Amino acid sequence: MLTAICAALAIASAAAGGTEVRVMLSETQLTHGELQKDLDNNLSFSPDGRWLVFDCRGAGGINANDALGKTRVDTGETGIFYRQSPPVLGVGAASFLGDREVVAIHALTSGLIYDFTVRGGMIIDADGSGRARWLDSRDVTPPFTPGALRGGTHKHEPDASGKWVGFTYNDEIMRTRHGSDLRNVGVSRRGARVHVDHDAGGRNFEGESFSVLLTACVHHPRPGSDEYQRAEGDCWVGREGYPTPAGSRQRARAFRGTVAVDEDGRTATYGEVFVVDVPEDVTVPGPLGPLEGTESDYPKPPRGAVVRRLTHTAASPDRELRGVSGHLRASGDGHWIACVARVRGADGAESQVFVVSAATGELCQLSRLPGGVVGDPRFSPDSRFVAIAGADGAVYTVSAEAATWGEATQRTPASAAAPSNLVISPDSNSVAYNRTVDDVQQIFMCRAR
């Protein structure tokens with residue numbers, strides 16, 4: 001049930017017009033040509049707002065891609081700044097790490113075949129020099145090394161300081177030796193280089209960070225418990241963490257965890273919103289086991305990596321709101337985490353944007369767009385609105401301010417070429433996104449206010 005805060009916001013939304021949508025169209029096609037330009041819904045804008053980074057994947061995906069490019073926002077100038085050297089193939093999902101570097105998924109430089117468990121995070125100069133270095137370390141030969149991982153990282157997301165990089169992770173040791181492929185969430189603390197043994201097969205490498213997992217998935221969550229089978233769709237909570245009752249700020253990552261529910265004797269799974277606190281010192285093992293894992297178990301979180309479940313939609317007695325989906329995104333002030341959930345609409349079930357309090361778990365519906373929303377929401381850095389694609393192929397912004405809660409503005413024309421990979425400029429004034437034009441991913445932009 002909605003609590004007093006959410007109820008007040010719902011009343012304000014109804015008073016302001018409910019599902020009425022303002023129309024302020026401003027779409028511009030920024031790029032052209034045959035080069036694929038996939039933004040991948042990351043930190044695609046440079047911190048100064050001048051550039052957008054993309055990868056050049058086509059139908060073959062990241063494992064068939066060998067190049068990264070960037071586009072200048074004011075002119076549309078576009079070019080490739082990085083190509084892999086043979087025999088490796090597999091680079092993509094880049095995020096800016098400062099104005100001059102990006103961090104991206106990268107295949108092993110030894111030439112091993114790219115896979116979810118055979119990749120890492122590479123920091124790459126964006127000036128075209130080709131200079132690159134590993135973010136995380138990898139050690140798949142026993143004895144394993146604390147601070148190094150034994151698999152593949154992806155969806156690398158730097159925090160506002162640039163000192164921490166979050167990621168999702170798949171473990172090679174557990175998959176190849178035990179047939180287990182649980183997806184977890186982790187973090188790299190930059191500036192703490194980890195040394196590993198260099199094996200002859202080129203399976204290990206050294207990076208510039210101390211990396212750990214923050215979550216501990218289980219194969220078979222107990223129905224009704226807070227255990228989770230997968231951890232993914234993760235994001236940093238605020239530029240400086242979320243506000244605690246004591247008035248301080250706690251660094252944290254939010255993630256979508258897959259939980260189990262008993263439905264009349266049948267086990268069903270749903271996504272729920274979780275947060276995990278990130279301790280300042282990630283080098284101290286926690287109670288679940290060694291940071292580096294063992295030959296028969298996954299790496300375990302450090303001491304202080306406390307996980308809290310925020311939503312309980314899977315246990316909803318009316319079953320009108322069951323589970324959340326997509327990639328989570330938090331407001332810049334750390335108060336809200338945006339997600340997508342299905343609700344009962346005028347024409348049946350439809351997806352809408354909800355926000356969850358990072359501190360209390362309070363769940364509030366934000367959008368009420370006719371026909372629902374598609375894709376992932378994106379919270380503005382200034383915390384004032386969420387950008388989302390509508391079912392009609394238009395880009396919308398939805399107010400997250402108390403006085404205008406839920407007010408929606410259509411920013412682009414409706415289109416059969418649905419917008420995807422929405423990203424918001426650092427000054428919160430613009431939204432960039434992909435549309436497919438003649439089978440090529442192009443970058444478009446619109447005003448956000």
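**Rings, cores and a four-stranded sheet**

Arg-253 is placed over the face of Trp-236, 4.8 Å from the ring centre; such a placement requires NZ of Lys or CZ of Arg within 6 Å of the ring centre and within 35 degrees of the ring normal. Arg-322 likewise lies over the face of Tyr-270, at 4.7 Å from the ring centre. The model is predicted, with local features needing pLDDT of at least 70 and side-chain atom pairs counting only at pLDDT 80 or more, whereas totals for chains, interfaces and linings use all residues. Residues are numbered from 1 along each chain as its sequence is written, and side-chain values use heavy atoms, with hydrogens and water left out.

The structure holds six aromatic pairs, a pair being two rings of Phe, Tyr or Trp (its six-membered ring) with centres within 6.5 Å, called stacked for planes under 30 degrees apart, edge-to-face over 60 and tilted for the rest. The ring centres of Trp-336 and Trp-405 are 5.6 Å apart and their planes stand at 55 degrees, so this pair is tilted. Because Trp-336 belongs to strand β21 (residues 336-345) and Trp-405 to the loop between β26 (395-399) and β27 (408-410), the pair ties together parts 69 residues apart in sequence. Strands here are DSSP runs of E with at least two residues, numbered from the N terminus. Both Trp-336 and Trp-405 are buried, that is, under 20% relative accessible area with a 1.4 Å probe and protein chains only. Ring pairs also link Tyr-228, Phe-255 and Phe-274 into a cluster.

Phe-255 reappears in the largest nonpolar core, where Val-187, Val-212, Leu-214 and Phe-255 touch the most other members among 28 residues. A nonpolar core is a set of buried Ala, Val, Leu, Ile, Met, Phe, Trp, Tyr and Cys residues joined through side-chain atoms within 4.5 Å. Strands β12 (183-190), β13 (209-213), β14 (231-236), β17 (252-263) and β18 (266-277) each supply at least two residues of this core, and β18 gives the largest share, four residues. A second, separate core of 20 residues includes Cys-235, Leu-310, Ala-330 and Val-356.

Elsewhere, four strands form an open sheet in the order β6-β7-β8-β9, with antiparallel pairing; pairing requires at least two DSSP bridges between two strands. Since β6 (91-96) and β9 (132-134) stand at the edges with a single partner strand each, one side of each is left without a neighbour in the sheet. Four bridges join β6 to β7 (residues 101-106). Within β6 lies Ser-95, whose bridge partner in β7 is Val-103. Ser-95 is buried, with a relative accessible area of 1%.

Conventions. Buried < 20%, exposed > 50% of the residue type's maximum accessible area, 1.4 Å probe, protein only.
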